[in-house]
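Let's take a walk through this fold together, one piece at a time. Have a look at it first, and then we'll start with a question.

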Amino acid sequence: MKKSCVLLMASILVLSVISGCGNSASGATEVAEVSETMEASSALESTDTMETIEPEVETWKTAIDGLPDDFIFGMDASSLLAEEKSGVTYYDFEGKEQDPLKTFADAGINYIRLRVWNDPYDENGNGYGGGNNDLATAIELGKRATEYGMKVMIDFHYSDFWADPKRQHAPKAWEGMTLEEKSSALYDFTKDSVKQLLDSGVDVGMIQIGNEINYGMCGETKLENVIELLKSGSKAIREVSGEYGKDISIVVHYTRITDKADVLTLVEKLVEAELDFDSIGMSYYPFWDGSVENMSRVLELIQERYGKDAFLAETSYCYTTADGDGFGNSISGKDLVDGYPASPEGQATVLHDICREVNRVGGLGIFYWEGAWIPVGPASADNSTIWEQYGSGWASSYASDYDPEDAGLYYGGASWDNQAFFDFEGHPLESLKVFDYMRNGGE
């Protein structure tokens, strides 16, 4: 291109001499033509330069366009207190001991999710495990989260232990009750619990009434009965929030997002029954629950058809396939999603892609499930004594009577340690920085 410009300049000088000696109009025309040729040459040079610039490749360190300031970057940390009681130590990125809730806040997490079980203990006071998540535990962790500037979502299971599509056991104290009696008990429990949380200074922003309740809740399987229970919980929350002048969003939580029609029908039934609620939280695990595109479409349809907010109440991905505590993992190498390796980068990339799609369809945000649930001892050790004493495994043997078909058969350690945001020794992973990068961009 430089050679062309030199030749063109030489041509102009020659033509200038000619125009001065002869017909000025003819010379001017020729100069103009050469000038146009130079402009075309300059434009071509500019085009060539543009073509050499590589387009920016989106990575997990790329900021998400149009991400609102209040987009929820949430973290479920329900097992944390049991982990700490079991002797687990957590560190910051400089290798100094630090409250993992502060590490989460520093990384850009703005919400902490905490489950609440009614009475997760046997008649002798032995905990069922899974964090022994009674109300007192939620209050202690909720206060710490609030101190670090994060809001709190409370996840009432309305059970004494895990509630999910496989099981929705009523609390021991409510067994044998009629629907009316159970509704009254649920109303009282909800109202008293929310008051205690607020009186303790916990910044409660959202409350789930039930956990993954596609097929029932609190021992009830008929949808109309479940809705009656939900109405009791919703009423209690609205009354307390009004009394305290506190804006608390009411959430209904479903799973099986792959069955789009079923989920939408459930939401439609809630709306038709005039249940007072604000949003639908969905569980979405990419290794179990299908494509990101289907997930985001379900969230989009909930908002478009029923005028309710939508978000992901649970999601996660593994950073390794190694077993940290000798109990085994829920997710292994055969469960990996194409394009997302079992590495911190793979973990961060899948979360970035999920959040980008949730934001694209107007979803409120996401909650990552149990990012601090790491081993309480090495895989080579027998950690059962610690799991039993402090409830840091997913279930203890003491849960056998309450949940004989699952906990009674498979109680033991944590199967989620390879999906945390800390390594097996409690050091934060580079993937934890994805929350800040999604908002502000990275290196």
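Is the crossing of α7 and α8 left-handed or right-handed? Keep that in mind while we build up the picture, and remember that what you're looking at is a predicted model.

Start with the strands. Eight of them, β1-β2-β3-β4-β5-β6-β7-β8, make a closed barrel, and their pairing is parallel. On average, neighbouring strands in this sheet are turned by 25 degrees against each other, if you ignore direction. Zoom in on one pair: β3 covers residues 151-156 and β4 covers residues 204-209, and the two are joined in the parallel sense over 5 bridges. Here you can spot Ile154, which sits opposite Ile207 in β4.

Now for the helices. Helix α7, residues 223-244, lies across β4 and β5 (249-254), and its direction is at about 165 degrees to β4. Then there's helix α8, residues 260-272, which packs on the sheet and touches β5 and β6 (279-283). Its direction makes about 145 degrees with that of β5.

These two helices also pack against each other: the angle between α7 and α8 is about 60 degrees, and their axes are 11 Å apart. Because of that angle, α7 counts as oblique to α8. And back to our opening question: the crossing of α7 and α8 is right-handed.

So who does the touching? From α7 come Leu223, Ile227 and Leu230, while α8 brings Leu266, Lys269 and Leu270. Sorted by class, this contact of α7 with α8 has 5 nonpolar residues, no polar ones and 1 charged residue.

Terms used: Residues numbered from 1 in each chain as written. Predicted model: local features only at pLDDT ≥ 70, side-chain atom pairs only at ≥ 80, totals over all residues. Heavy atoms only, no water. Pairing = 2+ DSSP bridges. Helix = DSSP H or I, 4+ residues; strand = E, 2+ residues; numbered from the N terminus. Axes fitted to C-alpha atoms, helices over the stretch in contact; angles between N-to-C directions. Contact = heavy atoms within 4.5 Å. Parallel < 35°, antiparallel > 145°, perpendicular 65-115°, else oblique. Left-handed = near helix turned anticlockwise from the far one by under 90°. Nonpolar A, V, L, I, M, F, W, Y, C, P; charged D, E, K, R; others polar.
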